Structure formats: structure tokens, C-alpha cells
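Work through the exercises below with the model in view, and compare each step with its solution.

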Amino acid sequence: TELVFALIVFVGSHLVLSAPFIRSRLLNLLSRVGFLVLYSLISLMTFGWVLHAYPHALAETEVLWHAPRGFGDSSVLVMPIAFLLVVLGLLTPNPTTAMMGGRLNKEDATQGIVRITRHPMLSGIVLWGLWHIITSGHSAAVLLFSAMVILSVLGMVGIDAKRAKNYGPAWEDFRSVTSCVPFWAIIRGRNSFRFGEIGLMRVLLALVIFAVVLYVHQ
């Protein structure tokens, strides 16, 4: 029960703060930097509640299904992709990132991991969440990771809508050569993969972080 309430508050607070009416009022009241500080603090506090509630939920969790044979072991191949998306997304300038919408007017607005997906970090979280839902198969995990997936998907939709409203033609040009689903724009011939823009050091950093997490992950 605590986990359910914590997830409702965590997801709900993101949706409320992202609502255009409330967001615009808070921006006028606090300034952009002040709003981001408030948003970050609320996110950290509510996510901290989720992390606190999850171990207690594990004591009462119910097994809903067992993962298909081999899926658990194959996580070691799938999760590095999620880590690459998240880490490269954090390290690559991207017009969909907070306070970086102005990059839509730059020639290099689409570069690196952004060629693969315009929402790399959120796409990585979706992959991470969906795979954990499949491989965990118990009620506490399904609740936690479903909330993360839903919030990430809604985040993509919300960001796209805000950028379309605020940047018009510049956003349409950017959207036409990128995709939410990784590699879809490349498959459709609207973009191309260029590893040199991604950077070997960024890839190695992501893999090192994954290795550390894998080592400490029980």
C-alpha cells in the first residue's frame, strides 16, 4: 500500500508540475532556474519515498509469472543498451533537454545519440523498466517499473508537445529527422548513424558504470 501511494505521488507530482497552466505560473513566480530547483527537489523527495517503500513491498509481493527461460541471463546483454542510452543522453547536448530548446536553431541540433532517438535517456529508462517487468514477474516490481515506463513515455509526449508549441517550424524540422523509438528514423532513411559523433569515451564510461552496477547488484 505504501509503495502504491509513493508511486502515485511520484508520478502525479511530475504530471502536475509539467501541466502547462501550473508550469507557466510557477515559472513566472520562481524564474526558470527556481522552477527547475523546485522540480528537482520534489522529484528527489518523492523518489526517495519510492525507494524507501519498495523493500517493504518486497516482503508482501506476489509472484505473477515466471520469466521465460533465458530472459534473466540475457539481461547482461540488454541492460548495457539501456545504460548507453541513459549515459549518452545525459552527456550529449539535446534540444529536448531542459533549458536547451534553443539548440533547435543550431546546425548541429541533431548529433550523436540524438540521431538514434531524440529522447535517449527516457528511452533507456523505458527499456530498463520493460525488461525488469518481464524478468521480475512479481507484483512489487511490476508496480515500480510500470510507473517508471509510464512516466517516461508521458515525458516524451509532453516534451514533444511543449517544443512544438514553443518552437514551431524549427521543432518540426528536428522532429522530421529524429524519432522517439531508437533507430526508427535511421531505418526510415531520415537520418544516419555516425559513431564518431557519439564518442568512444562516452561509450566506455557507460559500460564502466554498467559494470559497477552489475557487480554490486544482488
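A residue is called buried when its relative accessible area is under 20%, exposed when it is over 50%, and partly exposed in between (1.4 Å probe, protein chains only). The model is predicted, so local features need pLDDT of at least 70 and side-chain atom pairs count only at pLDDT 80 or more, while totals for chains, interfaces and linings use all residues. Residues are numbered from 1 along each chain as its sequence is written, and side-chain values use heavy atoms, with hydrogens and water left out.

**Exercise 1.** Determine which residues of helix 9 are buried and which are exposed.

Solution. Begin with the buried residues of helix 9, which are Val203, Ala206 and Phe210. Because they cover an arc of only 65 degrees around the axis (taken from the directions from the helix axis to the C-beta atoms), they lie on the same side of helix 9. Turn then to the other side of the helix, where Met201, Tyr215 and Val216 are exposed.

**Exercise 2.** Describe the aromatic pair that phenylalanine 183 and phenylalanine 193 form, and state how accessible each partner is.

Solution. Rings of Phe, Tyr and Trp (its six-membered ring) pair if their centres lie within 6.5 Å, and planes under 30 degrees apart count as stacked, over 60 as edge-to-face and the rest as tilted. The structure holds six aromatic pairs. For phenylalanine 183 and phenylalanine 193, the centres are 6.5 Å apart and the planes make 45 degrees, which is a tilted pair. Finally, phenylalanine 183 is partly exposed at 39% relative accessible area, and phenylalanine 193 is partly exposed at 44%.

Notes: Helices (H or I, at least four residues) and strands (E, at least two) are DSSP runs, numbered from the N terminus.
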